[in-house]
Amino acid sequence: MGHKDTLHGYMHHAHDALRWKLEGLDEYDLRRPLVATGTNLLGLVKHTAATTVGYFGNAFDRPFDEPLDWLFAEDAEDNLDMFATEDESSTDILTFDDRCWRHVDATVAGLDLDSPGRVPWWPGERGDVTLHTIMVHITAELNRHCGHADIVRELIDGSVGMRADNSNLPPGDWQAAHRERLETIARASRSH
C-alpha cells in the first residue's frame with residue numbers, strides 16, 4: 001500500500017467513525033444542540049461534507065457539480081453548514097455527504113500526492129498546497145470533529161466508543177465509578 005492509499009484510508013476511517021455516531025438515532029437526537037455553540041451530530045456531517053468537497057474541489061480546480069453558494073457566497077448565513085435546516089432531512093444530509101465523498105474519492109484517484117492546488121480562502125503562500133497537504137489537513141479536521149461527535153453522542157444516550165467493532169474502552173461497567181473518582185479529584189484540587 002502506498003502513501004496516498006494510506007492517507008486515503010485514514011480519511012475514510014475518520015469519516016466512517018463520524019457517520020457511525022449517527023446510527024440508531026431519530027431526527028430529533030440527530031439535530032439536538034447539546035452545547036452552547038449548537039454543535040449537533042447532523043450538523044457535523046453536513047459541515048465536514050461541504051468543507052471537504054470544497055477543499056478537494058476548489059483547491060484542485062475540480063468543482064463539485066452542485067452549487068455550494070449557501071456555504072461559499074459572501075452573503076452566506078454564518079454557520080449554515082453546522083446544522084440541518086427545517087427543510088433538510090437526515091436523509092438529505094447523508095446523501096449529500098455520500099455525493100461529496102464520491103467527488104473527493106475521484107479527486108484523490110485522479111491526482112498524485114504532489115499535485116499542486118490553491119486554497120483560495122487561505123492567505124498568501126499558505127494557500128499553495130499539494131494533494132498530500134489537503135489529505136493530511138482533512139484527516140486532522142475529520143478526527144477533530146469525530147471528537148465533537150463522541151461527546152455529543154455520549155450526552156444523547158451514553159453511547160461511547162471508537163467504532164462499532166471496537167469501543168477502544170475497557171470492558172465492564174466502570175464508567176460511573178471512574179467519573180465519580182475524577183469528580184473527587186477535581187473537587188480536591190480546589191483546596192490546593
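These are my notebook entries on a predicted model of one protein chain.

**Entry 1: overall layout**

I began with the secondary structure. The chain has seven helices and two strands. I read their order along the sequence as α-α-α-α-α-β-β-α-α. For the extent of the chain I took the C-alpha atoms, which fill a box of roughly 55 × 40 × 35 Å along the principal axes.

Next I looked up burial and contacts. Of the 192 residues in the chain, 37% are buried. Among the contacts with a separation of 6 or more, 71% are between residues 24 or more positions apart. The chain exposes about 11300 Å². I noted that carbon and sulfur atoms supply 52% of that area.

**Entry 2: charges**

I then went through the charged side chains. There are 18 positive and 34 negative ones. The centres of the two sets lie 7 Å apart. Side chains of opposite charge can pair when their charged atoms come close. I found 11 salt bridges in the structure, and I wrote down some of them below.

**Entry 3: Arg19 and its partners**

Which side chain does Arg19 meet in a salt bridge at 2.6 Å, N to O? It is that of Asp97. Arg19 lies in helix H1 (residues 3-20) and Asp97 in helix H5 (residues 90-110), so this pair ties together parts that are 78 residues apart in sequence.

I checked how far each partner is covered. Arg19 is partly exposed, with a relative accessible area of 21%. Asp97 has 0% relative accessibility and therefore counts as buried, the cut-off being under 20%.

Arg19 also forms a salt bridge with the side chain of Asp98, at 2.9 Å from N to O. Asp98 is in helix H5 and Arg19 in helix H1, so here the parts tied together are 79 residues apart in sequence. I have Asp98 down as partly exposed, at a relative accessible area of 32%.

**Entry 4: the strand pair**

The next salt bridge I looked up is between Asp128 and Arg118, whose closest N and O atoms are 3.3 Å apart. This pair links distant parts of the chain, with Asp128 in strand S2 (residues 128-130) and Arg118 in strand S1 (residues 116-118). The two residues are 10 apart in sequence. Arg118 is partly exposed, with a relative accessible area of 36%.

Before leaving the salt bridges I checked for shared partners. Arg19, Asp97 and Asp98 are joined into one network in this way.

**Entry 5: Arg153**

I turned to Arg153, which is found in helix H6 (residues 131-157). Is Arg153 buried or exposed? Its relative accessibility is 9%, so Arg153 counts as buried.

I listed the contacts of Arg153, leaving aside neighbours within four places in sequence. They are Trp20, Lys21, Leu22, Glu23, Leu25, Leu41, Gly158 and Ser159. The side chain of Arg153 is also joined to that of Asp157 by a polar contact of 3.0 Å.

**Entry 6: Asp157**

Asp157 has its place in helix H6 as well. I found 41% relative accessibility for Asp157, which counts as partly exposed.

With which side chain does the side chain of Asp157 make a polar contact of 2.9 Å? It is that of Ser159. I had already met Ser159 in the contact list of Arg153. The polar contact between Asp157 and Arg153 is the one noted in the entry above, at 3.0 Å.

I also took a C-alpha to C-alpha distance for Asp157 and Asp29. They are 9.2 Å apart in space and 128 residues apart in sequence.

**Entry 7: Lys21**

Lys21 was my last stop. I located Lys21 in the loop between H1 and helix H2 (27-31). Lys21 is buried, with a relative accessible area of 4%.

Which residues does Lys21 touch, not counting those up to four places away in sequence? They are Leu41, Ala149, Asp150, Arg153, Val160 and Gly161. Leu41 is on the list for Lys21, and Leu41 is also on the list for Arg153.

How values were computed
Residues numbered from 1 in each chain as written. Predicted model: local features only at pLDDT ≥ 70, side-chain atom pairs only at ≥ 80, totals over all residues. Heavy atoms only, no water. Helix = DSSP H or I, 4+ residues; strand = E, 2+ residues; numbered from the N terminus. Buried < 20%, exposed > 50% of the residue type's maximum accessible area, 1.4 Å probe, protein only. Polar contact = N/O pair within 3.5 Å; in protein donor to acceptor, adjacent residues only side chain to side chain. Contact = heavy atoms within 4.5 Å. Salt bridge = Lys/Arg side-chain N within 4 Å of Asp/Glu carboxyl O. Areas by Shrake-Rupley, 256 points an atom, 1.4 Å probe, with all protein chains shown as cover. Lys, Arg positive; Asp, Glu negative; His and termini not counted. Charge placed at Lys NZ, Arg CZ, Asp CG, Glu CD.
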